[in-house]
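Biologist: I am new to this structure. Please take me through one part closely, and then set that part in the whole chain.

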Amino acid sequence: MLPEELKQSLIEHIDQVEHPRELVVDVMFAIQEHYGYLTDEGVQETAGLLDMSALEVEQLATFYTFIYREPVGKYVIHVCDSVVCWMDGYESVRDYLIQKLDIQPGESTPDGLFTLLAVCCIGYCDRSPAMLINRKAYGNLTADKIDGILEKLHRRS
Ligand code: FES
């Protein structure tokens, strides 16, 4: 269940707009942030707040790459698999991440730290191959650079 404070702040935000549905992504993100992913309960709560059906919310939730309908790790790695990154070494970056994390795309590490997902172009083409980790972009990826990034995140956890 959403904390009353979060619920109230979402209601206040929703009350300020003419068409509440336009806030569906913001509301899903806020609820995802609370639960760690958009739970079934979160879908129902989003629908209730915006006077939408759960099915409508579900359809939008599955459309957006950054809304997670299943549990994810603390750090979600979105590795870009679009054309420029493909040309600049996406496969070796993906394979290195698979080897380093010992998981396949779509999976999370058993310690709950990392989830690996593929994503379409993240607008970092001039620094491809590229990835996002919790929305922070990293480009010109090499095995050494990936090692450094992952070590830093391990140290922070
Ligand atoms: S194609 Fe990978 S960032 Fe654009």
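**A helix in the open, and the cores**

Modeller: Let us take helix H7. Of its 14 residues, the number buried is 0, so H7 lies largely in the open. Keep in mind that this is a predicted model. The length of H7 can be checked too. H7 covers residues 143–156, and at 1.5 Å a residue its 14 residues should span 20 Å. The C-alpha atoms at its ends are 20 Å apart, which agrees.

Now the whole chain. The chain has 7 helices and 4 strands. From the N terminus, the order of elements is α-α-α-α-β-α-α-β-β-β-α. Along the principal axes, the C-alpha atoms fill a box of roughly 50 × 30 × 25 Å. Of the 157 residues in the chain, 24% are buried.

Where do buried nonpolar residues gather? The largest nonpolar core has 15 residues. Ile77, Val79, Cys80, Ala130 and Met131 have the most contacts inside this core. Two or more residues each come from strand E1 (75–80), helix H6 (90–101), strand E2 (114–119) and strand E3 (131–133). E1 gives the most, with 4 residues.

Look at Ile77 in particular. Leaving out residues up to four places away in sequence, Ile77 touches Leu97, Phe114, Thr115, Leu116, Leu117, Met131 and Ile133. There is also a second, separate core of 12 residues, with Leu10, Met28, Ile31 and Ile67 among them.

One last figure covers the chain's contacts. Among contacts with a separation of 6 or more, 57% join residues 24 or more positions apart.

Conventions
Residues are numbered from 1 along each chain as its sequence is written. This is a predicted model: local features need pLDDT of at least 70, side-chain atom pairs count only at pLDDT 80 or more; totals for chains, interfaces and linings use all residues. The expected span of a helix is 1.5 Å times one less than its number of residues. A residue is buried if 20 or more other C-beta atoms lie within 10 Å of its own, exposed if 12 or fewer, and partly exposed in between; C-beta atoms are placed from the backbone. A nonpolar core is a set of buried Ala, Val, Leu, Ile, Met, Phe, Trp, Tyr and Cys residues joined through C-beta atoms within 7 Å. Two residues are in contact if their C-beta atoms, placed from the backbone, lie within 7 Å.
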